[in-house]
Amino acid sequence: MNIIQVTDYKEMSQKAAEVIIHKVKQGNRMNLGLATGGTPKGLYEAMIEDHQKNGTSYQHVTTFNLDEYIGLKEQDPNSYYYYMADSLFNHIDIPKFQTYLPNGLADDYNHECEHYDRLIKALGGIDLQVLGIGQNGHIGFNEPGTPFQSSTHIVTLEESTREANARYFNTLDDVPTHAITMGISSIMNSKEILLLVSGEEKADAMQKLLHGEISEDFPASVLKRHSHVTIIADQKALSGVLVSL
Ligand SMILES: O=P(O)(O)OC[C@H]1O[C@](O)(CO)[C@@H](O)[C@@H]1O
């Protein structure tokens, strides 16, 4: 894993945007995997700013999001559908029909999971997947204990994950209990992975990722088996590991 150390959240976001924009500017058709949560917000702001200033076009880009809550309508401000439209898609020139998220309101969830994986495969697989990491090591919504060979599936969210995400909802009770997420094998099939980590609340997770063993108890540890992972992490996230880097 290649680690890029940066000072703070702003620099992490800027660096991540540079990596993505560089690839997008090459102009080849591209499948970009995207994440939600607090971590990539600054990245999306930097992409929008660049689009407005430099006109970088996303007409040839298709996006696949990692996950979606079960049961939230598209127009619910806490749905990841809404988050992506509001944080990125509405502000760049990507055609709407080229932006995919798992459907958290599907009639048949098993079918939706299979369909999502098939779609990604049919369109050529993910070229570059952006990831954040949960404090418990989750990637996407793959909680500890998720089999490494999992494909897109339905998960029961851990209490700690619901609590971490409760900041966006009125009350903890409003945070959905289930989500649909790309599986670990779906993520590992990406040709390249860009993991963004910022803040001291992620320092433990960084320490486990870099120095712990590869185990399903810590989902992100699987990334050590991928041949093309870049981590962009800020000083606070690296505070527990700086000495040994
Ligand atoms: O970026 P945050 O808000 O710390 O969340 C960490 C991860 O947890 C999730 O919110 C759950 O999937 C991801 O979207 C994110 O990458």
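**Notes on a predicted model**

1. Let me open with a small pairing. Strand E7 and strand E8 (residues 178–181) run antiparallel to each other, joined over four bridges. Within this pair, Ile-154 has Ile-180 of E8 as its bridge partner. E7 also shows two faces: His-153 and Val-155 lie on the covered one, while Ile-154 and Thr-156 lie on the uncovered one. This fits the general rule that side chains in a regular strand alternate between the two faces of the sheet. Please keep in mind throughout that this is a predicted model.

2. Now the overall picture. The protein chain contains seven helices and ten strands. Its radius of gyration is 17 Å, which agrees with the value near 18 Å that a compact globule of 245 residues would have. The C-alpha trace spans about 45 × 40 × 35 Å along its principal axes. Of the 245 residues, 41% are buried. Taking contacts between residues at least 6 apart in sequence, 81% of them join residues at least 24 apart.

3. The main sheet deserves a careful look. It is open and built of seven strands, with parallel pairing, in the order E1-E10-E9-E6-E2-E3-E5. Its edge strands, each pairing on one side only, are E1 (2–6) and E5 (99–100). As a reminder, strands of a sheet pair through backbone hydrogen bonds, either parallel or antiparallel.

4. Starting from the E1 edge, E1 pairs with E10 in the parallel sense over five bridges, and Val-6 sits opposite Asp-234 of E10. On to the next neighbour: E9 and E10 are also parallel, with five bridges between them, and here Val-197 faces Ala-233 of E10. Strand E10 (residues 229–234) is mostly covered, with five of its six residues buried.

5. How do the side chains of E6 point, and are they buried or exposed? Leu-128 and Val-130 go one way, Gln-129 and Leu-131 the other, and all are buried. On one pairing, E6 and E9 are parallel over four bridges, where Leu-128 has Glu-192 of E9 as its partner. On another, E2 and E6 are parallel over two bridges, and there Leu-128 of E6 is the bridge partner of Leu-32. Leu-128 thus has a bridge partner in E9 and another in E2.

6. Further along, E2 (residues 30–34) and E3 (residues 61–65) pair in the parallel sense over five bridges. Leu-34 stands opposite Asn-65 of E3 in this pair.

7. Two helices are worth checking next. Helix H2 (residues 41–54) has 14 residues and reaches 20 Å from its first C-alpha to its last, close to the 20 Å expected at 1.5 Å a residue. Its buried residues are Gly-42, Leu-43, Tyr-44 and Met-47. Their cover includes helix H1 (9–25), helix H3 (80–87) and strand E9 (192–197). In an α-helix there are 3.6 residues a turn, so residues three or four places apart point the same way. Just after H2, Gly-55 adopts a positive phi of about 70°.

8. Helix H7 (residues 203–211) buries Ala-203, Ala-205, Met-206, Lys-208 and Leu-209. A lysine is on that list, Lys-208, so you may like to look at it in the viewer. The buried residues of H7 pack against E9 and E10.9. Which residues surround the ligand? They are Ala-35, Thr-36, Gly-37, Gly-38, Thr-39, Asp-67, Gly-132, Ile-133, Gly-134, Gly-140, Phe-141 and Asn-165. By character, this shell divides into three nonpolar, eight polar and one charged.

10. Finally, a loop residue. Gln-149 is found in the loop between E6 (128–131) and E7 (153–156). Why does Gln-149 count as exposed? It has 10 C-beta neighbours inside 10 Å, and a residue counts as exposed with 12 or fewer. The C-alpha atoms of Gln-149 and Met-188 are separated by 9.2 Å, although these residues are 39 apart along the chain.

Conventions: Residues numbered from 1 in each chain as written. Predicted model: local features only at pLDDT ≥ 70, side-chain atom pairs only at ≥ 80, totals over all residues. Pairing = 2+ DSSP bridges. Buried ≥ 20, exposed ≤ 12 C-beta atoms within 10 Å, placed from the backbone. Near = placed C-beta within 6 Å. Nonpolar A, V, L, I, M, F, W, Y, C, P; charged D, E, K, R; others polar. Expected span 1.5 Å × (residues − 1). Contact = placed C-beta atoms within 7 Å. Rg over C-alpha atoms; globule rule 2.2 N^0.38 Å.
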